[in-house]
Amino acid sequence: MNSENASVSLSNIKKCYGTVTAIENLSLEIPEGEIVTLLGPSGCGKTTTLRIIAGLEQATGGEIYIGQENVTHQSATYRNVAMVFQSYALFPHMNVLENVSYGLTVSSTPKKTRKEKAFRALEMVGLTGFENRLPSELSGGQQQRVAVARAVILEPDVLLFDEPLSNLDAKLRRHVREEIRQIQQSLGLSAVYVTHDQEEAMAVSDKIVVMKDGAIAQQGTPTELYEQPQSEFIADFIGDANIIPCEIESTSGNRAVVKVSSTTLDSYAAKHISKDMKLSIQPRNIRLTHTYTPNSLAGRVQHSTYLGGHMEYLINTDAGDIFVVDAEMNEKYQKGESIHAIFEATKTILVPVEQ
Amino acid sequence: MNKTATLWVAIGFLGLLFLPWYSVDTGFWSFQWALALNNLENASAILQSVLYGRGWFSPPIILMVTTAGILCLRTNQDNKAKQLIVIGALGLGYVIAHSFLSLESELLPSNGAVGAGAFVTSFAFLFLLTTGLAHMRQVGSDAFITGLIGTIIVLVATFVFFPISHVLIRAFEYPDGSLGIVRFLSRILSGDVWGISCFTGGDHCGPAINSLILAVATGIGTTALGLSFALIATRTQFRAKKTLRILTVLPIITPPFVIGLSLILLFGRAGVVTDWLNILFEIEKSRWLYGFTGVYLSQLLSFTPIAFLVLIGVVEGVSPSMEEASLTMRANRWQTFSNVSLPLMKPGLANAFLLGFIESLADFGNPLVLGGDFNVLSTEIYFAIVGAVADTSRAAVLGIALLTLTVAAFLIQRRWLGNKSYTSVTGKGDSGQHSGLNPALKWACYLTSIPWAIFTLIIYGMIVYGSFVSLWGYDNSFTLKHYQQAFGIDFRDGMFLSGSAWDSFLTTIKIASLAAPLTALVGLLTAYLLVRQNFKGKSVFEFGTMLSFAIPGTVVGISYILAFNVPPIELTGTGLILIIAFMFRNMPVGVRGGIAALSQLDKSLDEASLMLGATSFTTLRRVITPLMGPAILAALIYSFVRAITSVSAVIFLVSAEHNMATSFIVGRVENGEFGIAIAYSVVLILTMLAAITFLQMLVGRRKLRRENRVSDSNRIYSREIEQPIKGTAL
């Protein structure tokens with residue numbers, strides 16, 4: 001089941017809490033040296049999956065391999081994985097050095113090696129000189145870095161991140177996520193990263209696994225997910241797309257001509273075309289004009305918001321309200337104006353209707 | 001798994017080969033048995049089997065040898081684990097079954113009371129079983145956790161459920177020894193217990209009815225007074241708030257008879273108030289205090305602080321923002337209180353009521369001193385045992401009646417109130433302010449609470465004063481003779497503790513200091529299992545460990561005499577039985593304190609430690625224990641103090657050799673030597689205050705040092721450390 005170069009592979013993992021099924025037949029591979037992100041709305045099972053890899057939860061069914069070893073029944077203590085917790089979980093009664101070297105201390109590593117490695121890890125995260133501070137004497141970003149140093153010091157087969165940025169303020173988040181990415185790459189570690197923030201996922205991942213209701217909805221590179229959503233859910237969750245009901249008139253290859261209310265539009269189908277499809281288009285891929293243009297829907301500006309770098313519009317059309325982001329701002333449209341919303345054909349994607 | 005199992009096999013062999021199987025008369029720790037291992041009394045299992053031809057000892061030996069064999073083979077680990085489970089269960093079952101069944105059939109040394117060998121062997125089998133279970137991942141996560149669960153189950157079963165089952169059996173027993181339900185039903189339902197003739201013009205109600213009436217009255221009274229105190233402490237600008245809080249510490253350091261004795265000094269026939277009333281208004285001196293009134297008054301005094309303590313939390317728990325919301329909607333302060341705050345406190349009030357109800361039912365000291373003709377269940381049980389004819393069967397029946405009432409209240413408290421809490425404290429900072437009380441309510445609280453607080457202080461003052469008076473009411477001259485009699489030290493030939501109380505005082509301190517760490521240990525480990533581990537049957541486990549809270553001390557007392565006066569487990573007359581009784585009576589408090597403290601500790605701390613390769617034992621030692629410091633000290637203080645003030649269970653279990661302070665005081669009270677009893681109580685209070693202050697100082701220093709080091713307080717940590725410090729007031 002597990003391929004040669006996968007550092008972690010899950011096969012048919014199932015997790016039930018009493019009668020509630022949290023994860024249903026999940027199979028997943030984490031390739032060597034890559035960051036794979038588990039992304040999804042809360043309650044989708046992404047954290048449970050991470051905790052199953054960590055050994056903090058036992059799977060109800062299925063098997064887990066780390067490297068070539070079957071670790072399904074091993075507890076967290078004996079798995080060679082490390083984790084960075086959402087709350088950092090730094091031990092408040094130990095100073096930075098004691099925290100970082102804790103893993104080596106409990107495995108009875110000689111004191112000298114312990115200290116050397118801890119200093120190297122602290123240097124890597126840029127916290128040299130902070131050894132004797134208590135966690136409570138550090139800022140949130142510094143605590144985060146201590147947590148990372150503490151996790152990498154054991155040279156784990158795989159590093160797990162459980163929403164590591166959610167306790168940081170917005171500006172720091174961007175900075176820290178780049179640091180995490182950099183450390184992971186320089187050490188060549190495999191990592192699993194859990195988040196509910198799609199922008200964060202895009203920024204750090206080699207591969208994103210989007211989960212919904214305890215199963216994988218779609219996985220792929222950030223580009224694949226963004227540009228070729230295979231379901232209404234992905235289109236909405238990853239691309240914040242407008243989802244518009246439509247009827248398929250004709251198809252040729254992977255192109256289709258669809259009818260939205262009374263207007264005919266060209267569109268591009270991501271996978272294969274079935275009968276019940278909806279049109280998905282991201283707000284940035286719609287242009288607005290005053291004059292009629294082919295491939296456009298007629299509508300009226302219901303609401304316009306000026307946000308400095310771009311404009312946001314809510315357009316009232318026969319097919320429902322659509323949300324448009326205009327970054328060019330060649331022209332500003334006022335509330336109540338009649339306009340045409342042009343759908344760029346190559347960015348207009350058909351997704352199957354969700355049941 | 002192999003390493004752990006090998007260790008337990010080795011320990012098992014130690015138990016089977018070297019240690020005396022039966023209890024030895026000279027005491028295990030004297031090690032005199034080691035000089036004559038081949039005696040029948042001192043022989044280990046293998047010697048019993050070889051030298052004395054007792055064949056029944058071979059199965060455990062064979063099982064242990066088989067285990068050693070299994071561990072040497074290189075078979076599948078899963079199969080090995082299954083075999084360990086089977087062997088462990090068989091061995092443990094066999095040893096227990098035989099300990100009971102062999103009693104009648106054979107001539108056994110020490111009448112068959114088991115000793116060190118049997119004890120060690122049983123635990124070896126138990127841990128083989130749990131080690132196997134740990135590998136199968138059936139219960140906890142590793143061998144340490146399953147072993148811990150196993151140990152606590154065995155201990156609670158042996159020292160809580162086994163004795164209680166003796167009470168049940170005895171209650172169903174006919175005089176000829178056979179069992180039957182008819183006699184039990186007729187006895188437990190008889191008018192002797194449940195009579196209500198006092199309502200219909202007769203003299204006496206049955207003790208069960210008396211207990212019930214008293215408990216309801218006490219529950220209502222303490223809740224009302226407690227609420228009034230709590231409102232003053234949290235919702236007014238009252239100046240002496242801090243002093244009010246001292247009241248909460250009083251009941252735990254008050255020996256059981258103090259309040260009753262002090263009431264006698266005030267209102268008894270020779271009491272101060274009685275005298276004054278007689279002189280000023282020519283009201284005749286009477287014995288009105290003895291009976292329902294006196295007991296009720298003393299229980300209100302004793303248990304109001306407990307209700308106060310519970311209700312402070314409840315009143316503070318109502319989110320200020322809800323009250324502010326109500327005020328912004330143009331409700332006045334009275335409307336806000338009656339429509340918002342009070343309904344939100346309802347579950348807390350019900351909880352305080354049930355607590356007062358249970359405390360009143362279980363109370364033994366006050367009714368004993370002040371009861372007079374007013375019989376309640378707890379004292380009736382005592383008199384059934386120590387009366388002219390010891391009637392254990394009647395004691396058992398009364399015990400069951402009492403147990404039914406307390407356990408019912410306990411169940412109601414858990415089932416009905418367990419999930420019904422409106423306290424709206426969340427992790428988020430709730431920055432609003434509690435609304436003040438409206439003037440009428442405020443003055444109502446002041447006028448009830450302040451006189452009551454003063455009354456309480458007078459009561460305690462009387463005790464100190466009374467201990468220096470030679471003969472209360474008759475000879476009011478100052479004297480130190482009570483202290484001399486009790487705690488005199490003779491310096492004529494070196495130092496000699498000549499006072500009559502020294503013996504029991506030193507025993508009490510010794511037993512309490514031994515029991516306190518054990519109680520704290522068992523309680524906190526149980527809390528750890530309940531909060532941090534998931535295993536099958538956890539809810540039953542929790543219920544079992546908390547149930548001993550609902551068992552009144554008198555019932556514990558008779559159950560221990562019934563169960564441990566006879567082999568196979570013979571403990572009566574030893575100091576050990578006192579320690580064990582304290583451990584399992586006070587354990588639930590340790591459990592609750594531990595649960596509260598652990599819930600404040602972020603679970604990801606444990607997980608982080610596990611992820612870094614620490615075992616759960618290492619995690620417990622290096623991460624959880626250091627962070628639980630204040631909770632550990634609180635548990636220590638509480639169990640130490642409770643061991644000193646406890647009387648109801650103790651009074652059945654003391655012996656000439658191991659007499660305790662409280663039972664010594666009972667003796668003095670029964671002889672009418674109030675002076676010594678009071679002086680002794682004062683010394684006990686001072687001892688406990690000294691112990692508490694000492695331990696509080698330890699906690700306090702810890703806090704200061706931390707705060708100096710912690711400039712910008714860490715969210716998780718600072719909460720964790722403040723909470724249990726409040727808890728030490730418990």
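**View 1. Two domains of chain A, with centres 39 Å apart.** In this predicted model, the C-alpha centres of domain 1 and domain 2 of chain A lie 39 Å apart. So which residues make up these two domains? The assignment gives residues 6–232 to domain 1 of chain A and residues 247–352 to domain 2 of chain A. Where the two touch, domain 1 of chain A puts in 5 residues and domain 2 of chain A puts in 7. On the domain 1 side of that contact you'll find 1 nonpolar, 3 polar and 1 charged residues.

**View 2. An open sheet of 6 strands in chain A.** Follow the strands across the sheet and you'll read S11-S15-S21-S14-S13-S12, with mixed pairing. Why is one side of strand S11 and of strand S12 left without a neighbour in the sheet? Strand S11 (242–245) and strand S12 (247–252) of chain A stand at the edges and have a single partner strand each, so there is nothing from the sheet on their other side. Going from one strand to the next, the twist averages 40°.

**View 3. Strands S13 and S14 of chain A, side by side.** Zoom in on strand S13 (residues 255–260) and strand S14 (residues 263–269) of chain A, which pair in the antiparallel sense. How many bridges link them? There are 6. To pick out one of the partners, start at Val257(A) and look across to Asp266(A) in S14(A).

**View 4. Strand S16 of chain A and its alternating side chains.** In a regular strand, side chains alternate between the two faces of the sheet. Strand S16 (residues 286–289) of chain A shows this pattern: Ile286(A) and Leu288(A) point to one face and are buried. Arg287(A) and Thr289(A) point to the other face and are not buried. S16(A) also pairs in the antiparallel sense with strand S20 (residues 338–343) of chain A, over 4 bridges. Look for Thr289(A) again here: its bridge partner in S20(A) is His340(A).

**View 5. Where chain A meets chain B.** Here, 25 residues of chain A are in contact with 26 residues of chain B. Which elements of chain A give two or more residues to this side? They are strand S6 (81–84) and helix H3 (102–106) of chain A. Sorted by class, the chain A side has 15 nonpolar, 9 polar and 1 charged residues.

**View 6. Domains 1 and 3 of chain B in contact.** Chain B is divided into domain 1 (1–138), domain 2 (214–377 + 408–474) and domain 3 (493–730). In this close-up, 8 residues of domain 1 of chain B are in contact with 4 residues of domain 3 of chain B. The domain 1 side has 4 nonpolar and 4 polar residues, with no charged ones.

Technical notes:
Residues are numbered from 1 along each chain as its sequence is written. Chains are lettered from A and ligands numbered from 1 in the order in which they are written. This is a predicted model: local features need pLDDT of at least 70, side-chain atom pairs count only at pLDDT 80 or more; totals for chains, interfaces and linings use all residues. Ala, Val, Leu, Ile, Met, Phe, Trp, Tyr, Cys and Pro count as nonpolar, Asp, Glu, Lys and Arg as charged, and the others, Gly among them, as polar. Two strands pair if DSSP finds at least two bridges between them. Axes are lines fitted to C-alpha atoms, for helices over the stretch in contact, and angles run from 0 to 180 degrees between N-to-C directions. Domain bounds come from an automatic or database domain assignment. A residue is buried if 20 or more other C-beta atoms lie within 10 Å of its own, exposed if 12 or fewer, and partly exposed in between; C-beta atoms are placed from the backbone.
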